[in-house]
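Biologist: Please take a close look at the aromatic rings in this model. I would like one connected account rather than a list.

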Amino acid sequence: MSNQKKRNFQIEAFKHRVVVDPKYAEKTWKILEHAIHEIYNHNASGLSFEELYRNAYNMVLHKFGEKLYSGLVATMTSHLKEISRSVEAAQGGLFLEELNRKWTDHNKALQMIRDILMYMDRTFIPSTHKTPVHELGLNLWRDTIIHSSKIQARLRNTLLDLVLRERSGEVINRGLMRNIIKMLMDLGASVYEEDFELPFLEVSAEFYRGESQKFIECCDCGDFLRKAESRLNEEIERVSHYLDARSEAKITNVVEKEMIENHMLRLVHMENSGLVKMLLDDKYEDLGRTYNLFRRVGNGLSTIRDVMTSHLRETGKQLVTDPEKLRDPVEFVQRLLDEKDKYDKIINLAFNNDKTFQNALNSSFEYFINLNPRSPEFISLFVDDKLRKGLKGVSEEDVEIILDKVMMLFRYLQEKDVFEKYYKQHLAKRLLSGKTVSDDAERSLIVKLKTECGYQFTSKLEGMFTDMKTSQDTMQGFYANHGADLGEGATLAVQVLTTGSWPTQPSITCNLPAEMSTLCEKFRAYYLGTHTGRRLSWQTNMGTADIKATFGKGQKHELNVSTYQMCVLMLFNNAERLTYKEIEQATEIPAPDLKRCLQSLACVKGKNVLRKEPMSKDIGEDDAFFVNDKFTSKFYKVKIGTVVAQKESEPEKQETRQRVEEDRKPQIEAAIVRIMKSRRVLDHNNIIAEVTKQLQSRFLANPVEVKKRIESLIEREFLERDNNDRKLYRYLA
């Protein structure tokens, strides 16, 4: 390997010095200064931009950048002062036009100057941290013209005056406004904000404060809100035409505060036109406008919601507590449904289907429906009416709609078990009398109840349908066995009901006519022969009969009557005249039922197959009864209903309530044991809360009753009290 020395090569600078003419900078600047003057004077067409660019380039290259920059500032400033004087001199409407024209000229000039000085912009300015040419031009325009003492206030006042004139209905030059506002925005966000936006918002607030005060004194709520909406839309449109888009939120806030927020309570409570009046008159458009405007301000929607809720609760309370409106249960429930439909429609059409309004509606209904302890009974009576006759000829879809509405009311009930009690009674009557419009509708409602409350709630109801089907099969078997023995006499149709599934009825026997007694005994023998370990007890108060009758002039009719009515009428085969006492003795029908039965046979016009002496609407114990030979009807088949109170009488109501309370006891105990089994130790208040929560899908547990059930469980050693804390309970395994 050679040990040659490494040679270092060096390139030296050229020794010959370039000498620059001392007057070079001055001469070159004069050329550039002249060009800037020509540009501002609109004589730029004769200039060679290539030559000018090279001159500016050379000045920066020869370290005269500072002279070039300061010369530019001085020249532009002097031109802008001239422009300022020209703008100041413009009178009236020409002021903005002159300003706009000069601004356009300045921008064009600035573009040309920037092109000429491009090299300085790219090299000298960044290295010396000076303001770039275009920005410099804007800053000088701002300081020399916009912020000049004679223009600044005048410009602001002119712009605000134009906005005011436009608000008053005048047509203004929006294009000119747009250009001037754009100029302020181009000069920087702070210029637009300080020189226009802040004063604009202040003046607007004052304007709308005065206007809203004037409107509220002379307009009703609907008109006021129409004007507020119109003003709001005007301001949004104004922003889109000539203001900065960011001003929209600010100006709409001003309008909302001055026209809506400051008058909210007065508007909603305005007499004869406020929110309550709109709700009463179904003014969907006005309500929708109220919602859309109030949602824009804080607490706006809660204000509407509170007014709606208090009005709804008040009207609902009147509805469920007015004795006049409680006379007809079906009408009562229909009113509730109409009220619900009305508010559902309002929330859907006017309140944008707002969930918070829907929740307020639901809580209001739940509040006032449960003010009336008879609501569960009335809802069941409504269902009974619909499923007996109200749904005849109605399409399946409409039936579903009605049932869904009933379920909606059912959900509001706190005492769902009371509804179940009544529903079971009414369903039993419908099934046994064959009066149900559609089995499909009955089953559909049971499915809905099952979905809502679970299997326990509907198992007995489903059992009732099973019994009806089984009874048909049993009767077919009975007639197959005994058909030959029965001959042409009376026929029998028996429904065998499982005791646990059907509403418990006191077993009341009455003396059936001899021909019926024989048939009943034959059926009993057949049934007990085919089913072992069962007992039959006749529920004569729940049956019906068809009997053939011949009246005075040989007129024949088939009468559809209850079992009790049949027992009474059959007595007249062997007697012309019978007193009340004789009928009671012969049939042994309980007095209240017998009186209702005789009333329907003798006192109902068009159905009076008996006549009584003396004639009166009520049945007395000394009354005498005869067959009414003059009875006529254009129908061969005549249905004679029983005069019944549709609603329960007071003693019946007490009895139902008592049965409900008895049924609740084991449910409360079961809930307590379930809770204590999982928690082992729990204090009294928490047990009450847990039990209430568990049972709320069926009824509202009474804390007093829960306490009694706890005592009962302690006595039976399911629970024990803690030795130290008497309010603490322990579960005993």
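Modeller: F365 and F368 both belong to helix α17, which covers residues 355-369, and because they are 3 residues apart there, about one helical turn separates them. This is a predicted model. The two rings form an aromatic pair, with 4.8 Å from centre to centre and 50° between the planes. That angle makes the pair tilted, because only planes under 30 degrees apart count as stacked and those over 60 as edge-to-face. Both side chains are out of reach of solvent by the cut-off used: F365 has a relative accessible area of 0% and is buried, and F368, at 1%, is buried as well. Buried here means under 20%.

The structure holds 17 aromatic pairs. Another of these is made by F207 and Y208, whose ring centres lie 5.0 Å apart with the planes at 80°, so this pair is edge-to-face. F207 and Y208 are both buried. Aromatic contacts also occur as a group: Y53, Y57 and Y119 make up one cluster.

Some rings have a charge over them. The charged end of K227 is placed over the ring of F215, at 4.8 Å from the ring centre. K416 lies over the face of F410, and there the distance to the ring centre is 5.7 Å.

As for the wider setting, the domain assignment places domain 1 at 22-145, domain 2 at 150-267, domain 3 at 303-466, domain 4 at 544-639 and domain 5 at 653-731. Between the C-alpha centres of domain 1 and domain 5 the distance is 93 Å.

Methods:
Residues are numbered from 1 along each chain as its sequence is written. This is a predicted model: local features need pLDDT of at least 70, side-chain atom pairs count only at pLDDT 80 or more; totals for chains, interfaces and linings use all residues. Side-chain values use heavy atoms; hydrogens and water are left out. Domain bounds come from an automatic or database domain assignment. Rings of Phe, Tyr and Trp (its six-membered ring) pair if their centres lie within 6.5 Å; planes under 30 degrees apart count as stacked, over 60 as edge-to-face and the rest as tilted. Buried means under 20% relative accessible area, exposed over 50%, partly exposed in between (1.4 Å probe, protein chains only). Helices (H or I, at least four residues) and strands (E, at least two) are DSSP runs, numbered from the N terminus. A charge sits over a ring if NZ of Lys or CZ of Arg is within 6 Å of the ring centre and within 35 degrees of the ring normal.
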